[in-house]
Amino acid sequence: MKRNEKLTAPRMLEAVYKRPGKPPRVKMIVGTREAIESLVGGPFDWTPLSLEDDGRENVAIYNTEAWRSGAPDNMYGIRGAFLVLGRDGEELCDVIDPRGVCRMLGGRKAEAYGQPGGA
């Protein structure tokens with residue numbers, strides 16, 4: 001999904017979801033702007049976390065207005081819940097190495113997997 005574009009046909013994306021004070025979880029999410037806004041609590045932007053040799057990267061997707069609502073600190077200076085997804089050019093895609101991302105965010109590899117669509 002491009003930053004300013006709405007998808008016409010929703011697709012499922014594998015993401016890592018991190019809420020404040022909770023371990024990260026790998027989950028399948030609907031790849032629409034509305035679904036992402038629902039998970040992070042409002043309008044979002046992203047910042048790069050890691051870059052692969054092939055040009056793809058993992059990005060943290062966070063609520064740009066979480067500080068206004070008093071959301072608690074999470075990590076990396078992000079307030080409130082955030083997602084980690086992959087990005088290939090301007091397109092969002094499945095997170096690259098979800099277990100590695102969970103470990104990076106302080107979770108355990110196998111226990112980090114959640115149910116599709118669950119929070």
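This note covers the overall make-up of a predicted model and then two of its residues, Leu-13 and Glu-57.

1. Fold content. The protein has two helices and six strands. Read from the N terminus, the order is β-β-α-β-β-β-β-α.

2. Burial and surface. Of the 119 residues in the protein, 41% are buried. The exposed area comes to about 6,500 Å², with carbon and sulfur atoms supplying 48% of it.

3. Contact range. Taking contacts between residues at least 6 apart in sequence, 54% join residues at least 24 apart.

4. Leu-13. This residue belongs to strand S1, which spans residues 12–18. Its relative accessibility is 2%, so Leu-13 counts as buried, the cut-off being under 20%. Beyond its neighbours within four places in sequence, Leu-13 contacts Lys-27, Met-28, Ile-29 and Gly-31, as well as Leu-85, Leu-92, Cys-93 and Asp-94. For the pair Leu-13 and Asp-94, a sequence separation of 81 residues goes with a C-alpha to C-alpha distance of 5.1 Å.

5. Glu-57. Strand S4 covers residues 57–63 and includes Glu-57. Glu-57 counts as buried because its relative accessibility is 10%, again set against the limit of under 20%. The side chain of Glu-57 makes a polar contact of 2.5 Å with the side chain of Arg-87. With residues up to four places away in sequence left out, Glu-57 touches Arg-87 along with Pro-48, Ser-50, Leu-51, Leu-85, Gly-86 and Ile-96.

6. A shared partner. Leu-85 is among the residues in contact with Leu-13, and Leu-85 is also among those that Glu-57 touches.

Note on methods
Residues numbered from 1 in each chain as written. Predicted model: local features only at pLDDT ≥ 70, side-chain atom pairs only at ≥ 80, totals over all residues. Heavy atoms only, no water. Helix = DSSP H or I, 4+ residues; strand = E, 2+ residues; numbered from the N terminus. Buried < 20%, exposed > 50% of the residue type's maximum accessible area, 1.4 Å probe, protein only. Contact = heavy atoms within 4.5 Å. Areas by Shrake-Rupley, 256 points an atom, 1.4 Å probe, with all protein chains shown as cover. Polar contact = N/O pair within 3.5 Å; in protein donor to acceptor, adjacent residues only side chain to side chain.
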